[in-house]
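Reader: I would like a close look at one part of this protein, the nonpolar core and the residues around it. Please set it in the context of the whole chain before going into detail.

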Amino acid sequence: MTHAPTTKDPYVYFDAALHPHRSLDRTGFLLVMTVAVVFGFTIGIAFLLVGAWPVFGFCGAEILLLYIAFQLNYRSGQWSERLVLSDSGLQVRRFGPKGEVGRWDFEPGWLRINIEESRPHGGALTLSSHGRSLSIGGFLTPDERSEVADALRVAITNYRRPPD
């Protein structure tokens, strides 16, 4: 079933989903964990055979900590932000591992987009309007934050332009 636009549908000037980058996919994770388990088990057995049995337990603990670190990393990778600029305004929605955790609405006519240039590795991308500020894209690289800011500025310029 397709959706036929009506006059009540707002025009969308900008629609972006921001996600943190994760370079290791599921297959890579399984490969890294397999190699870690094989090496850890081999080292643990070697020390067990020479009488240093506590090392075997520490090797197991290392592997467990590695697994936990990966799981925490993947969990933080589930955070995302969605920016939609339409005739209704700019809506920013933030999602965590368990669903939506925040929603902010801004009037684009008064919106300021700022990137703090003073930080050594790029600063936060901040949206400000009517005394409220919101930092977005904290998980993006400085180049990605600049790209989002530039695209959003162009979209706001188009929003502010009078209709033909």
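To begin with, what percentage of the 164 residues of the protein chain count as buried? After that, take me through the core, and then through single residues in the strands, a loop and a helix.

Author: In this predicted model, 30% of the 164 residues of the protein chain count as buried. The overall dimensions give some context for that figure. The radius of gyration of the protein chain is 24 Å, whereas a compact globule of 164 residues would have one near 15 Å. Along the principal axes, the C-alpha atoms fill a box of roughly 85 × 50 × 25 Å. The protein chain exposes about 11300 Å², and 60% of this area is supplied by carbon and sulfur atoms. Its charged side chains number 16 positive and 16 negative, with the centres of the two sets 6 Å apart.

The protein chain contains 3 helices and 7 strands. Their order along the sequence is β-α-α-β-β-β-β-β-β-α. Contacts also link distant parts of the sequence: among those between residues at least 6 apart, 52% join residues at least 24 apart.

Now the core itself. In soluble globular proteins, nonpolar side chains tend to be buried together. The largest nonpolar core in this model has 22 residues, and those with the most contacts inside it are Leu 90, Val 92, Ile 113, Leu 127 and Leu 152. Two or more residues each come from β1 (12-18), β2 (80-86), β3 (89-96), β5 (112-115), β6 (125-129), β7 (132-136) and α3 (142-160). Helix α3 gives the most to this core, with 6 residues.

Val 92, one of the residues with the most contacts inside the core, shows what surrounds such a position. Leaving out residues up to four places away in sequence, Val 92 touches Arg 82, Leu 83, Gly 102, Arg 103, Trp 104, Phe 106, Leu 127, Leu 134 and Ile 136. Gln 91 is found in strand β3. With a relative accessible area of 19%, Gln 91 falls under the 20% limit and is therefore buried. With the same sequence neighbours left out, Gln 91 touches Arg 82, Leu 83, Val 84, Arg 103, Trp 104 and Asp 105.

Strand β1 offers two residues to set side by side. Ala 16 is found in β1, and its relative accessibility of 15% makes it count as buried. Outside its neighbours within four places in sequence, Ala 16 is in contact with Glu 81, Arg 82 and Leu 83. Its C-alpha atom is separated by 9.1 Å from that of Leu 85, which is 69 residues away along the chain.

Tyr 13 also belongs to strand β1. Tyr 13 is partly exposed, at 26% relative accessible area. Between the C-alpha atoms of Tyr 13 and Leu 85 there are 5.4 Å in space, although the two residues are 72 apart along the chain. Leu 85 is among the contacts of Tyr 13 beyond four places in sequence, as are Ser 86, Asp 87, Ala 155, Asn 158 and Tyr 159.

Next come strand β6 and the loop that follows. Ser 129 is found in β6 and counts as buried at 3% relative accessibility. Setting aside its neighbours within four places in sequence, Ser 129 is in contact with Phe 106, Glu 107, Trp 110 and Leu 111. His 130, by contrast, is found in the loop between β6 and β7. At 60% relative accessibility, His 130 lies over the 50% limit, so it counts as exposed. Its backbone deserves a separate remark. Most residues other than glycine have a negative phi. The phi of His 130 is near 50°, a positive value in a residue other than glycine.

Phe 39 gives a case outside the strands. This residue has its place in helix α1 (residues 26-49). Phe 39 is exposed, with a relative accessible area of 53%. Its C-alpha atom is 18 Å from that of Phe 70, and the two residues are 31 apart in sequence.

Note on methods. Residues are numbered from 1 along each chain as its sequence is written. This is a predicted model: local features need pLDDT of at least 70, side-chain atom pairs count only at pLDDT 80 or more; totals for chains, interfaces and linings use all residues. Side-chain values use heavy atoms; hydrogens and water are left out. Helices (H or I, at least four residues) and strands (E, at least two) are DSSP runs, numbered from the N terminus. The radius of gyration is taken over C-alpha atoms; the globule rule is 2.2 Å times the number of residues to the power 0.38. Buried means under 20% relative accessible area, exposed over 50%, partly exposed in between (1.4 Å probe, protein chains only). Contact means heavy atoms within 4.5 Å. Accessible areas come from the Shrake-Rupley method with a 1.4 Å probe; for residues, only the protein chains shown count as cover. Lys and Arg count as positive and Asp and Glu as negative; His and the chain ends are not counted. The place of a charge is taken as NZ of Lys, CZ of Arg, CG of Asp or CD of Glu. A nonpolar core is a set of buried Ala, Val, Leu, Ile, Met, Phe, Trp, Tyr and Cys residues joined through side-chain atoms within 4.5 Å.
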